[in-house]
Amino acid sequence: MGCVHGKCCCRYPRSSDGDNREDLGRYAQVQTHILAGRSVESAQVPSHNFRLEYSVLTQRGFYPESPEKENQDSYCIRTQLQGNPNVHFFGVFDGHGQFGTECSVFVRDRLVEILSNDSTLLDDPVKAYNSAFSITNEELHDSDIDDSMSGTTAITALLVGDMLYVANVGDSRAVMAVKEGNRVVAKDLSSDQTPFRKDECERVKSCGARVLSVDQVEGLKDPDIQSWGDEETEGGDPPRLWVQNGMYPGTAFTRSVGDSTAESIGVVSVPEVTTVHLTAHHPFFVVASDGVFEFLSSQTVVDMVNRSADPRDASSAIAGESYKLWLDHENRTDDITIIIVHIKALSNVVVPQPKEMEEEQQTQRKKHRRYISLHLLRKVIGQ
């Protein structure tokens, strides 16, 4: 869900049965299989003796009125940040606006580099995250990219040992699977930052934003009614942010990187960070753009991943179902990007690293020397 000038601004009529509908269905089916064969990669976490197995799928949306429109999603997977084998990064960036692709690629590249070069990353990941987003946002403003009406959302997951830090800016989502008895339950690791959230709505209003749906702005509905239901029932005409005396920028989110015009009415790049201590009850997590969650619930996505041993099969199934539901509701689809990360063999037993082992050995040697000294001293006193 983007700005009025971005990929989600055009409200196409609901699709109807016929040749056009069949063409769209065939297009979605073909597109799903194009990217189904990506490899499954892995990364070790030696500090806690487990590994990650992950796969990614990214797929351009279907835009009948803009056939040349490119995929504005981008993603980043970077293992062993700072040369540390226990630190891994996963991120999805959903661009919007005329220069949305440029914005998402810029943030994809710069955010992880800034994190990698932050000496406080391992000591205070939350502080490092906040700093990295702020710096990236300022650098984007100062770049050659026109981000006045363009930008990107960002959903990222940083794994440090058996701790997972999820930073969210915008309306993409990260979801954790949690084993509860015989069930695998979805737990959202992020909260969509949109005007549907009362706290976010009040925050941007306090910064001078008008919050209205397109129908309200165009006079088709009463603008004084400041209630829009929930995102599932009112997603077709969501509340958006507007300047006081103009019909722009029309963002359907309250946080993003870029969007310099929208900053004047409260759109910020400050992430909300969630921290999770991973255990054996966490089999996998998903990081994905909002094209996935427009019509699929977090629980549905978790169920689909849980049914597939191979994350590539799960990604293809999720993308295919997302496309189908988009085309059931509209004559277009959104770009879709999914990263699925399986957590394998986690027992929460800390494995000493070489430096830690040496320190432990030194400690044991000191204890042994103290023991010998005390033993000799007692013998002397005893004599």
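**Exercise 1. Helix α2**

Task: Work out what span helix α2 (residues 100-116) should have in this predicted model, and compare it with the distance between its end C-alpha atoms.

Solution.
- Step 1. Helix α2 has 17 residues, and the rise is 1.5 Å a residue.
- Step 2. The expected span is 1.5 Å times one less than the number of residues. For α2 that gives 24 Å.
- Step 3. The end C-alpha atoms of α2 are 24 Å apart, which agrees with the expected span.

Task: Which residues of α2 are buried, and what covers them?

Solution.
- Step 1. A residue is buried if its relative accessible area is under 20%.
- Step 2. The buried residues of α2 are Gly100, Thr101, Cys103, Ser104, Phe106, Val107, Leu111, Val112, Ile114, Leu115 and Ser116.
- Step 3. Recall the helix geometry: with 3.6 residues a turn, residues three or four places apart point the same way.
- Step 4. The cover includes the strands β3 (73-79), β4 (87-96), β5 (151-160) and β12 (257-258). Helix α3 (125-142) also belongs to the cover.

**Exercise 2. Strand β4 and its partners**

Task: Is β4 largely enclosed or open, judged by how many of its residues are buried?

Solution.
- Step 1. Take one side of β4. Val87, Phe89, Gly91, Phe93 and Gly95 point this way, and they are buried.
- Step 2. Take the other side. His88, Phe90, Val92, Asp94 and His96 point there, and they are buried too.
- Step 3. That makes 10 of the 10 residues buried, so β4 is largely enclosed by the rest of the structure.

Task: How many bridges join β4 to β3, and how many join β4 to β5?

Solution.
- Step 1. β3 and β4 pair over 7 bridges, in the antiparallel sense. Within this pair, Ile77 stands opposite Phe90.
- Step 2. β4 and β5 are also antiparallel, with 10 bridges. Here Gly95 of β4 stands opposite Thr152 of β5.

**Exercise 3. The surroundings of Cys76**

Task: Where does Cys76 lie, and is Cys76 buried or exposed?

Solution.
- Step 1. Find Cys76 in strand β3.
- Step 2. Its relative accessible area is 8%, so Cys76 is buried.
- Step 3. List its contacts beyond four places in sequence: Phe89, Phe90, Gly91, Phe93, Arg108, Val112 and Ile339.
- Step 4. Check one of them. Phe90 is 14 residues from Cys76 along the chain, yet their C-alpha atoms are separated by 5.7 Å.

**Exercise 4. The sheet of 6 strands**

Task: What is the strand order in the open sheet of 6 strands, and which are its edge strands?

Solution.
- Step 1. The order is β1-β2-β15-β14-β7-β8, with antiparallel pairing.
- Step 2. β1 (41-45) and β8 (183-188) are the edge strands, as each pairs on one side only.
- Step 3. On average, neighbouring strands of this sheet are turned by 20 degrees against each other, direction ignored.
- Step 4. Look at one edge. β7 (residues 173-180) and β8 run antiparallel and share 6 bridges. Glu180 stands opposite Arg183 of β8.
- Step 5. Add the helices. α9 (residues 298-306) lies across β7, β8, β14 (284-288) and β15 (336-344), at about 135 degrees to β8. α10 (residues 311-329) packs on the sheet and touches β2 (50-59) and β15, making about 150 degrees with β15.

**Exercise 5. Backbone details**

Task: Where does each of Gln82 and Asp259 lie, and what is the phi of Gln82 and of Asp259?

Solution.
- Step 1. Gln82 is in the loop between β3 and β4. Its phi is near 60 degrees, a positive value in a residue other than glycine.
- Step 2. With a relative accessible area of 38%, Gln82 is partly exposed.
- Step 3. Asp259 is in the loop between β12 and α7 (260-263). Phi of Asp259 is also positive, near 50 degrees.
- Step 4. Asp259 has 2% relative accessibility, so it counts as buried.

Task: Which peptide bond is cis, with omega near -5 degrees?

Solution.
- Step 1. The bond runs from Tyr248 to Pro249.
- Step 2. Pro249 lies in strand β11 (residues 249-251).

**Exercise 6. Confidence**

Task: Where is the pLDDT below 50?

Solution.
- Step 1. Start with the whole chain. The average pLDDT is 86, and 79% of the residues score at least 70.
- Step 2. Over residues 3-21 the pLDDT is below 50, although this stretch has 62 contacts beyond near neighbours in sequence.
- Step 3. Residues 26-37 also stay under 50, with 18 contacts beyond four places in sequence.
- Step 4. Where pLDDT is low, the predicted coordinates should not be read in detail.

Definitions and conventions: Residues are numbered from 1 along each chain as its sequence is written. This is a predicted model: local features need pLDDT of at least 70, side-chain atom pairs count only at pLDDT 80 or more; totals for chains, interfaces and linings use all residues. Side-chain values use heavy atoms; hydrogens and water are left out. Helices (H or I, at least four residues) and strands (E, at least two) are DSSP runs, numbered from the N terminus. Buried means under 20% relative accessible area, exposed over 50%, partly exposed in between (1.4 Å probe, protein chains only). Contact means heavy atoms within 4.5 Å. Two strands pair if DSSP finds at least two bridges between them. Axes are lines fitted to C-alpha atoms, for helices over the stretch in contact, and angles run from 0 to 180 degrees between N-to-C directions. pLDDT is the predictor's confidence in each residue, from 0 to 100.
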